[in-house]
Amino acid sequence: MTVKTETPDEASAATARQEALAPQKKPRSLAGLWFVLPFFAAYVLFLVWPTILGLYYSFTDKSLTGRPVSWIGLDNWAEAFGDQRAWDALWNTAVFTLYSTPPLVIIAIILALLVNRARKMGWFLRMAFFAPFVLPVSVVTMIWMWMYQPDGGLVNHYLQLLGIQSPEAATLWLQDENTAMMAVVMTTVWWTVGFNFLLYLAAIQSIQPEVYEAAAIDGANWWQQLWGITLPLLKKTTGLVIVLQLIASLRIFDQMYLMTAGGPNRATEVAIHYIYIAGFEGFRIGYASALSYVLFVLILIVSIVQFRIFSREED
Amino acid sequence: MTALKEAPTPESGEKRALKPRRGRLSVGAVIVYVSATVLALFWLVPLLWALSTSFKTEQAASLGQPIRWIPEDWSLDGYKVLFERGEHLTWMLNSTIVSTIVTVLTLILCVLAAYGFSRFDFPYKNVIFASIIAGLMVPGQALIIPMFDLVNALHLSNTYWGLALPQVVAPVMVFILKRFFDGIPRDYEEAAKIDGAGHFRILWSIIIPLAGPIMAAVGIFTFIGSWNNFLWPLIAATDPSMMTLPVGLGTVAGGYGLFYAQTMASAVLGALPLLIVFLIFQKRIVEGVAGVGLK
């Protein structure tokens, strides 16, 4: 849903799996089952069961109005694959991903490099860059929607003050289909880059100082050290960040729902948003379930790729 | 911060230049500290602007008024209106209740399960464990439709349990805790077993005290995640009196329209709880995020 919610510790699954494959000697009894059972019961009820239920609904004409349900085979699926609005929503999701991922990687690296050098201000800087991340999405969108106000909003005010924008041709930001997605992306970057920044900062600080000392003895300046040592050593973190970003972007919804309601002219209507509209505004649970499953499979593919990459790295 | 104060003045640069080695560094350091400060202030602009506006009169906050960072007439009207309306307190209370239920239940279920997986062998253990691994890849957002139906069928819509329970299943937390438990030496437990302690006693008085920091991290992240969850409460709470803070702010307070002092006051109130949580637990949160990438 948001770019952030899921605490992205999926990588730990890889370690966990290794451990499961090599069980140590433990007492074999039913006692362990009792400890696992409460979680497993909740897991089956609130994760496995909805997954099955959603698949079943996708083959029915189930409606939110509660009229009798009948099996309609692959009709929903056929409709979904021929639904231009669904493809547009997926395309908008892809556009959001393409716009948001590069700044969320590059700005995070720049901030981390800066904070790593400015150690004396570390606490303040970490707070400034990470604090937006803990804010509820609606607080973020309320503030930004107001800053984006075309007439008298803070963003246009300063753009005009700097002479970048002429007062006669004020940018409409959220009301213009050419800028709406960009505006949502900028807000998202401000909101969530702090998380990636902390990942990079930790990675940079875990690099052994001896590596730099050796490079300095060889006469490498800071620019050469950056490109020769730091950035190559951040490759693994970048891989993690990109995959997490990809999964989070496929689930994007909140910002668009709040800032543009998918508009103008559906320019920011993303996948989850269309599912929401089909299900809760169009009352078509069956059809929305089929749409959900298409998205589900896409996210699953990305997750499996991620899982493979990171479990290989752990070996 | 001291370096920051010195940085922009040329004299301090010269003073440093007298010391041969540090002088060379300080040129780069000045650039680093100045640009870091500028960027940090730039990053704080939206928050500071919201804060500034929330203390203005509606008249001074409206569009078309000159941009003033320090309000001319300080006013608490924006906040006063909100407290008279009372919605924010309800939403905040709802969010607190829901997030607390989610956090406590997640911790209980995940600690028990992690202990079970870490210390015991039982029939179908690997099958159960593998199925939970698979659950990591299931995106909750794609399940909102059947989840809504399920919660309705359980007669839980517009209740705290309906809001909380679907958020409780967190396979990833089981893994984090299990990995930590795996690293705790068995010696203590063996000694306790000889003294006749049962499994629960061992978990409660040996494992859990040792796992304090990791449990705190799991708890904090679960709480923040649940507090900021938007999509599920949007669907599950249609009754305004059951809305959580993010949903109430987004749907009801978003409609305050042109009353910007009031809107920004509600944004500030909405930001406060988690900012306070963040400031209190900053170290743990930063370490927790860092841990994601450093395995």
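How many residues of chain B are in contact with chain A, and how many of chain A with chain B? Before selecting anything, note that this is a predicted model, in which local features need pLDDT of at least 70, side-chain atom pairs count only at pLDDT 80 or more, and totals for chains, interfaces and linings use all residues. Residues are numbered from 1 along each chain as its sequence is written, while chains are lettered from A and ligands numbered from 1 in the order in which they are written.

Select both chains: 90 residues of chain B are in contact with 95 residues of chain A, contact meaning that the C-beta atoms, placed from the backbone, lie within 7 Å. Next pick out helix α3 of chain B, residues 20-54, which gives 11 residues, the largest share of the side that touches chain A. That side of chain B divides into 65 nonpolar, 17 polar and 8 charged residues; Ala, Val, Leu, Ile, Met, Phe, Trp, Tyr, Cys and Pro count as nonpolar, Asp, Glu, Lys and Arg as charged, and the others, Gly among them, as polar.

Now show chain B alone, where the secondary structure comes to 17 helices and 0 strands, these being DSSP runs (helices H or I, at least four residues; strands E, at least two) numbered from the N terminus.

Turn to chain A and select residues 33-59, one of the spans that an unreviewed UniProt entry lists as "transmembrane region"; this span is 93% helix and 0% strand, with its end C-alpha atoms 35 Å apart. Residues 180-202 of chain A, also among the listed spans, are 100% helix, and their end C-alpha atoms are 34 Å apart.

Technical notes: UniProt positions renumbered as here; feature names shortened; annotations may be inferred. Contact = placed C-beta atoms within 7 Å.
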